[in-house]
Structures are given as structure tokens and as C-alpha cells.
Amino acid sequence: MSPIERRQQLLEVLNLRRQDTYDNLASEFDVSRRTICRDIAVLMCSYPIETARGYAGGVKIAEWFHLNTKTFTPKQAALLRKLREQLAGDDIDTLNGILREFAP
């Protein structure tokens, strides 16, 4: 698994659990604790992830943050592309942005 793939999966795990320890994450991903620390440092640059030391320490993601894991089915995306032909101006740009972000 590449570092990018591991970081994506790490982000998905934190999104589900909301918090975890470095040691548990290192064990789960079969990497060193230091590797998880580096991965978390990279993710903290783009996502609201916090770390804490001590007994209740570890890694947690902000309560308000949730990954958008929803995507359109191919049939839904095809319908939106068909509807795009009827739009003009900013509406086309908006629909194109939605398709880029959510369509497979």
C-alpha cells in the first residue's frame, strides 16, 4: 500500500471512529508508530485532525467534520449529464462541479 492510499484509509478510519491511539492505528495498518505520526502530520495540513498526549491522548477528528462518501450511481450520473444539455451559464458550471466531485 502506498503512503497516499494508507493516508486515505487512515482518514476514513478516523472518520468512522472519530478518535483512536497511534499504537492501535500502527498495529492495524501494520506500520510503525512513527509512520502513523508522519501520516497524521500530513493529514493535519488539510483536515481538522487533532492530537493529544497522555492517558486520553491519541488522534481525533473534529466532531463537525465528516467525509463525503456519497457518490452517484452511473445511471444517476448519466441522467445529470443529459440534463446538463438543457442548462446555460452558471448552472452548467455548477452541475459540472457536482459531477466532477461526486460522479464515478
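Begin with the whole chain on screen: among contacts between residues at least 6 apart in sequence, 47% join residues at least 24 apart. Keep in mind during the tour that this is a predicted model.

**The whole chain**

Colour the chain by secondary structure. Five helices and three strands should appear. Follow them along the sequence and the pattern reads α-β-α-α-β-β-α-α. The chain is more spread out than a compact globule, because its radius of gyration is 18 Å, well over the 13 Å that the globule rule gives for 104 residues. Turn the model to view it along its principal axes: the C-alpha atoms fill a box of roughly 60 × 25 × 20 Å.

Next, switch on the surface. The accessible surface of the chain is about 7,600 Å², and carbon and sulfur atoms account for 52% of it. Of the 104 residues in the chain, 30% are buried.

Now colour the charged side chains. There are 15 positive and 14 negative ones. How far apart do the centres of the two sets lie? The separation is 2 Å.

**First stop: D39 and R7**

The structure contains six salt bridges, and the tour visits some of them. Select D39 and R7, which form a salt bridge with their closest N and O atoms 2.9 Å apart. This pair links distant parts of the chain, since D39 sits in helix α3 (residues 33-44) and R7 in helix α1 (residues 3-17), 32 residues apart.

Is D39 buried or exposed? D39 has a relative accessibility of 1%, so it counts as buried. R7 has a relative accessibility of 21% and therefore counts as partly exposed. The cut-off between the two classes is 20%.

**Second stop: R17, D20 and E28**

Move to R17 and show its side chain together with that of D20. The two meet in a salt bridge, at 2.6 Å from N to O. D20 counts as buried because its relative accessibility is 12%. R17, with a relative accessibility of 37%, counts as partly exposed.

Keep R17 selected and add E28. The side chains of R17 and E28 also meet in a salt bridge, at 2.7 Å from N to O. Which helices does this pair link? R17 is in helix α1 and E28 is in helix α2 (residues 22-29), with their positions eleven residues apart in the count, and the pair links distant parts of the chain. E28 has a relative accessibility of 41%, so it counts as partly exposed.

Then go back to D39 and R7, and add R6 to the selection. Salt bridges that share partners join R6, R7 and D39 into one network.

**Last stop: N15**

Finish at N15, which is also placed in helix α1. With a relative accessibility of 12%, N15 counts as buried. Hide its neighbours within four places in sequence and look at what remains around the residue. Which residues is N15 in contact with, once those neighbours are left aside? The contacts are F65, H66 and L67. Select these three with N15 to end the tour.

Key:
Residues numbered from 1 in each chain as written. Predicted model: local features only at pLDDT ≥ 70, side-chain atom pairs only at ≥ 80, totals over all residues. Heavy atoms only, no water. Helix = DSSP H or I, 4+ residues; strand = E, 2+ residues; numbered from the N terminus. Rg over C-alpha atoms; globule rule 2.2 N^0.38 Å. Buried < 20%, exposed > 50% of the residue type's maximum accessible area, 1.4 Å probe, protein only. Contact = heavy atoms within 4.5 Å. Areas by Shrake-Rupley, 256 points an atom, 1.4 Å probe, with all protein chains shown as cover. Lys, Arg positive; Asp, Glu negative; His and termini not counted. Charge placed at Lys NZ, Arg CZ, Asp CG, Glu CD. Salt bridge = Lys/Arg side-chain N within 4 Å of Asp/Glu carboxyl O.
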